[in-house]
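This briefing sets out the architecture of a single protein chain for readers at the bench. Please view the sequence and the structure together before going through the points that follow.

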Amino acid sequence: MKAKSLLLMLLFISLAYLGMTQKIDKKNTLVVIKTSAQCEMCKERIFSELNMHKGVKKIELSLETQELTVIYNGVKTSENELREAISEIGYSADDIKPVKEAYENLPKCCKKSKDQ
Ligand SMILES: [Cu+2]
């Protein structure tokens with residue numbers, strides 16, 4: 001009887017723990033997005049946009065690989081919302097194309113090399 005209740009307690013504890021870790025994961029979701037960022041100016045533009053975006057916690061961008069890493073709260077936003085936000089300021093985000101007007105307004109050095 002005693003062993004049974006101990007086992008039951010253990011089960012409850014592990015279930016509660018599992019629920020907790022899942023919540024923590026969802027609130028700290030990581031995504032890597034391939035962008036069309038070309039230079040430091042692009043980096044600044046993307047950072048200032050995403051820093052205002054709800055749920056965004058941490059951003060990193062490598063200009064060498066053009067890969068943007070974002071840690072975000074998956075309850076407040078989603079990877080597709082992030083991609084949309086990037087496309088709205090003129091950059092491609094994975095297979096989402098940049099919004100045309102925004103892209104055209106970018107300085108020449110920030111456009112894709114084929115358009116320079
Ligand atoms: Cu640029």
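In this predicted model, the buried residues of helix α2 pack against β2 (56-62), β3 (67-72) and α3 (79-88). The protein chain contains four helices and three strands, and their succession along the sequence is α-β-α-β-β-α-α. The points below treat the chain as a whole, then the sheet, the helices packed on it, and selected loop residues.

**Overall form**

- The radius of gyration of the protein chain is 21 Å, whereas a compact globule of 116 residues would have a value near 13 Å.
- Along the principal axes, the C-alpha atoms of the protein chain fill a box of roughly 75 × 25 × 20 Å.
- Buried residues account for 21% of the 116 residues in the protein chain.
- When contacts between residues at least 6 apart in sequence are considered, 54% of them join residues at least 24 apart.

**The sheet**

- Three strands make up an open sheet with the order β1-β3-β2, and their pairing is antiparallel.
- Strands β1 and β2 stand at the edges with a single partner strand each, so one side of each has no neighbour in the sheet.
- On average, and with direction ignored, neighbouring strands of this sheet are turned by 15 degrees against each other.
- As a general principle, strands of a sheet pair through backbone hydrogen bonds, in either a parallel or an antiparallel manner.
- Strand β1 (residues 29-34) is joined to β3 by six bridges, and the two run antiparallel.
- Between β1 and β3, Ile-33 has Leu-68 as its bridge partner in β3, and Lys-34 has Glu-67.
- Six bridges also join β2 to β3, again in an antiparallel arrangement.
- On this side of β3, Leu-68 is the bridge partner of Leu-61, and Glu-67 is that of Ser-62.
- Leu-68 therefore serves as a bridge partner to both Ile-33 and Leu-61.
- The covered face of β3 consists of Leu-68, Val-70 and Tyr-72, while Glu-67, Thr-69 and Ile-71 form its uncovered face.

**Helices packed on the sheet**

- Helix α2 (residues 40-52) has 13 residues and spans 19 Å from its first C-alpha to its last, close to the 18 Å expected at 1.5 Å a residue.
- The buried residues in α2 are Cys-42, Arg-45, Ile-46 and Leu-50.
- Viewed down the axis of α2, these buried residues fall within an arc of 120 degrees, so they line one face of the helix.
- This agrees with a general property of α-helices: there are 3.6 residues a turn, so residues three or four places apart point the same way.
- Glu-40, Glu-44, Ser-48, Asn-51 and Met-52 are exposed on the other side of α2.
- Neighbouring strands of the sheet are turned by 15 degrees on average, direction ignored, and α2 packs on this sheet by touching β2 and β3, its direction making about 170 degrees with that of β2.
- Helix α3 also packs on the sheet, where it touches β1 and β3, and its direction makes about 35 degrees with that of β1.

**Loop residues**

- Asn-28 lies in the loop between α1 (2-27) and β1.
- Asn-28 counts as partly exposed because it has 13 C-beta neighbours inside 10 Å.
- Although Asn-28 and Asn-73 are 45 residues apart in sequence, their C-alpha atoms are 5.3 Å apart in space.
- Beyond its neighbours within four places in sequence, Asn-28 is in contact with Lys-57 and Ile-71.
- Most residues other than glycine have a negative phi.
- β2 and β3 form a hairpin with four residues between them, and Gln-66 in the turn has a positive phi of about 60 degrees.
- Gln-66 has 16 C-beta neighbours inside 10 Å and therefore counts as partly exposed.
- Asp-94, which is not a glycine, likewise has a positive phi, of about 50 degrees.
- Asp-94 is placed in the loop between α3 and α4 (100-104).
- With 15 C-beta neighbours inside 10 Å, Asp-94 counts as partly exposed.

Methods
Residues are numbered from 1 along each chain as its sequence is written. This is a predicted model: local features need pLDDT of at least 70, side-chain atom pairs count only at pLDDT 80 or more; totals for chains, interfaces and linings use all residues. The expected span of a helix is 1.5 Å times one less than its number of residues. A residue is buried if 20 or more other C-beta atoms lie within 10 Å of its own, exposed if 12 or fewer, and partly exposed in between; C-beta atoms are placed from the backbone. The arc is that of the directions from the helix axis to the C-beta atoms. Two residues are in contact if their C-beta atoms, placed from the backbone, lie within 7 Å. The radius of gyration is taken over C-alpha atoms; the globule rule is 2.2 Å times the number of residues to the power 0.38. Two strands pair if DSSP finds at least two bridges between them. Axes are lines fitted to C-alpha atoms, for helices over the stretch in contact, and angles run from 0 to 180 degrees between N-to-C directions.
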